[in-house]
Amino acid sequence: MNIRNLLARMSFRTGVIILSLCIPCYIISFAQIALPVSAGIKSVLWVMFFGMAKTFQYGGLTILGAEGITKLKQFFTRINH
């Protein structure tokens with residue numbers, strides 16, 4: 001069994017949770033630039049958190065699939081109107 005099939009079997013709610021985890025990782029990946037540490041450590045932290053953000057993003061999108069993305073768009077459209 002490959003990872004894509006494993007992720008696709010997870011629930012819509014799990015997909016939304018995993019997809020939302022990318023937001024704090026993106027924030028941390030750029031906010032750590034303000035830390036008073038060396039440039040090498042900043043680079044490592046940026047790569048680590050940005051990579052985690054992308055992993056959560058693509059993992060969440062794989063779990064949701066095309067139908068889940070449509071559900072999310074409809075949800076946000078209802079909220080904005």
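pLDDT is the predictor's confidence in each residue, from 0 to 100. This is a predicted model, in which local features need pLDDT of at least 70 and side-chain atom pairs count only at pLDDT 80 or more, while totals for chains, interfaces and linings use all residues. Residues are numbered from 1 along each chain as its sequence is written, and side-chain values use heavy atoms, with hydrogens and water left out.

**Confidence and fold**

The mean pLDDT of the protein chain is 88. Of its residues, 99% reach 70 or more. Among the elements, helix α1 (residues 3-8) has the lowest mean pLDDT, 78. Helix α3 (residues 22-31) has the highest, 94. Where pLDDT is low, the predicted coordinates should not be read in detail.

The chain has four helices and zero strands. Its pattern along the sequence is α-α-α-α. Helices (H or I, at least four residues) and strands (E, at least two) are DSSP runs, numbered from the N terminus.

**Overall shape**

The radius of gyration, taken over C-alpha atoms, is compared with a globule rule of 2.2 Å times the number of residues to the power 0.38. A compact globule of 81 residues would come near 12 Å, but this chain has 16 Å. The C-alpha trace spans about 45 × 40 × 15 Å along its principal axes. Contact means heavy atoms within 4.5 Å. Among contacts between residues at least 6 apart in sequence, 72% join residues at least 24 apart.

**Surface and interior**

Accessible areas come from the Shrake-Rupley method with a 1.4 Å probe; for residues, only the protein chains shown count as cover. The chain exposes about 6000 Å², and carbon and sulfur atoms supply 71% of it. Buried means under 20% relative accessible area, exposed over 50%, and partly exposed in between. By that rule, 19% of the 81 residues are buried.

| Residue | Helix | Relative accessible area |
|---|---|---|
| Asn5 | α1 | 45%, partly exposed |
| Ser29 | α3 | 0%, buried |
| Trp46 | α4 (residues 39-80) | 30%, partly exposed |

Ser29 counts as buried because its relative accessibility is 0%. Leaving out residues up to four places away in sequence, Ser29 touches Trp46, Phe49 and Phe50. Trp46 also belongs to a nonpolar surface patch with Phe30, Ile33 and Val47. Together these four have about 380 Å² of accessible area.

Asn5 is 37 residues from Lys42 along the chain. Their C-alpha atoms are separated by 35 Å.

Technical notes
Patch = residues over 30% accessible without salt bridge, like charges linked within 9 Å, V, L, I, M, F, W, Y side chains within 5 Å. Salt bridge = Lys/Arg side-chain N within 4 Å of Asp/Glu carboxyl O. Buried < 20%, exposed > 50% of the residue type's maximum accessible area, 1.4 Å probe, protein only.
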